[in-house]
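Subject: Structure for you to look at, with notes

Dear colleague,

I am passing on the structure we talked about, and I would be glad if you could read the notes below with it open beside you.

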Amino acid sequence: MKISALVASLAFAPVLLSAQTTLSTPGSGSVVTPFGRPDTQTYGQTFRTPAVDTKLDNFAFWIASEAAFEMKAHLFAWDGQKATGSALFISDLLFAPVGELTKTTVQIGGVNLLAGNAYVFFLSTSGLRGSSGGGMECSIECSDAYTDGAFVFQNNGDDTSKWTNQEWRNFNGDDLRFEANFSAVDQNVVPEPSTYLLMASGLLGLGAVARRRRQT
């Protein structure tokens, strides 16, 4: 019993802790329109990965629409003017919420990004079904509330190749209202001094038990 308890205490030390960083902009109540077919089919926000927590877990926009048209979420690297490379994430089919502004969160599932690098997360109706009439909430006073990114969009129709070969447009650096949650688990955490003491005590205890067994 003593050995089992000591082994159990060692098995749970050290404990790895997961941190979290949230990037977000405050809402304004104002809606940027039109989003959806056949008008502006792609709305997005550029951002930079935090310095420490670099795994993107989820991303959210606030959307209002008159009909539940189809859309998909995408994540690409950003070169300052357009998306670049291959998609880092593509969601399953989504539907725009009907009615007033609604927070619409897309679970990314944990995509590891490079600290300090620029990316674009966007929703698009390209190649999908449904009419326009949607919009997204912009940041407070539709201003540049987030300095490391901007609201960007494309009137690309159903041509998704334009995402990576044509410059996107923006509203003078203004932002959408968004929320992005990042996390990280450091597999090489240095144990706290108290953890070293716990491990040492456990090893000494195992040694004492072994000596008593030999003596008996």
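The notes that follow start with confidence and overall make-up, and then turn to the core, the strands, the aromatic rings and two peptide bonds.

Please keep in mind that this is a predicted model. The protein chain averages a pLDDT of 83, and 76% of the residues score at least 70. Over residues 1-18, however, the pLDDT is below 50, although this stretch has 24 contacts in the model beyond near neighbours in sequence. Residues 188-192 also stay under 50, and for them the model has four contacts beyond four places in sequence. Where pLDDT is low, the predicted coordinates should not be read in detail.

As for the overall make-up, the secondary structure of the protein chain comes to three helices and 13 strands, and buried residues make up 40% of its 216 residues. If one takes the contacts between residues at least 6 apart in sequence, 84% of them join residues that are at least 24 apart.

The largest nonpolar core has 31 residues, and those with the most contacts inside it are F47, L56, F61, L75 and F121. Strand 4 (residues 55-65) gives the largest share of this core, namely four residues. Apart from this core lies another one, of nine residues, which includes F76, A83, V152 and W163. Returning to L56, its contacts, leaving aside residues up to four places away in sequence, are with F47, L75, I108, G110, V111, L113, A180, N181 and F182.

Strand 4 is also worth following through its pairing. It is mostly covered, with 10 of its 11 residues buried, and nine bridges join it to strand 8 (residues 99-112), the two running antiparallel. Within that pairing F61 stands opposite T104 of strand 8. Strand 4 pairs in the antiparallel sense with strand 10 (residues 134-139) as well, over two bridges, and there the bridge partner of I63 is M136.

A second set of pairings is found around strand 11 (residues 151-154), from which F151 and F153 point one way and V152 and Q154 the other way, and all of these are buried. Strand 11 is joined by four bridges to strand 3 (residues 42-48), with the two running antiparallel, and G44 has V152 as its bridge partner there. Two bridges join strand 11 to strand 12, again antiparallel, and F153 stands opposite R169 in strand 12.

The aromatic rings deserve a paragraph of their own, since the structure holds 19 aromatic pairs. One of them is formed by W78 and W168, edge-to-face, with 5.6 Å centre to centre and 85° between the planes. W78 lies in strand 5 (residues 70-78), whereas W168 lies in the loop between helix 2 (162-165) and strand 12 (169-170), so the pair ties together parts that are 90 residues apart in sequence. Both W78 and W168 are buried. Elsewhere in the list of rings, F47, F59, F61, Y119, F121, Y146, F178 and F182 are linked by ring pairs into a cluster. In addition, R177 lies over the face of W62, at 3.9 Å from the ring centre.

W78 comes up again in the surroundings of A118, a residue of strand 9 (residues 118-124). Leaving aside residues up to four places away in sequence, A118 touches F47, R48, A77 and W78. A118 has a relative accessible area of 17%, and because buried means under 20%, A118 counts as buried. A118 and T49 are 69 residues apart in sequence, yet 6.7 Å apart in space, C-alpha to C-alpha.

Finally, there are two cis peptide bonds to look at. One joins T33 and P34, with omega at about -5°, and P34 lies in strand 2 (residues 27-35). Another joins R37 and P38, where omega is likewise about -5°, and P38 is found in the loop between strand 2 and strand 3.

With best wishes

Definitions and conventions:
Residues are numbered from 1 along each chain as its sequence is written. This is a predicted model: local features need pLDDT of at least 70, side-chain atom pairs count only at pLDDT 80 or more; totals for chains, interfaces and linings use all residues. Side-chain values use heavy atoms; hydrogens and water are left out. A nonpolar core is a set of buried Ala, Val, Leu, Ile, Met, Phe, Trp, Tyr and Cys residues joined through side-chain atoms within 4.5 Å. Buried means under 20% relative accessible area, exposed over 50%, partly exposed in between (1.4 Å probe, protein chains only). Contact means heavy atoms within 4.5 Å. pLDDT is the predictor's confidence in each residue, from 0 to 100. Rings of Phe, Tyr and Trp (its six-membered ring) pair if their centres lie within 6.5 Å; planes under 30 degrees apart count as stacked, over 60 as edge-to-face and the rest as tilted. A charge sits over a ring if NZ of Lys or CZ of Arg is within 6 Å of the ring centre and within 35 degrees of the ring normal. Two strands pair if DSSP finds at least two bridges between them.
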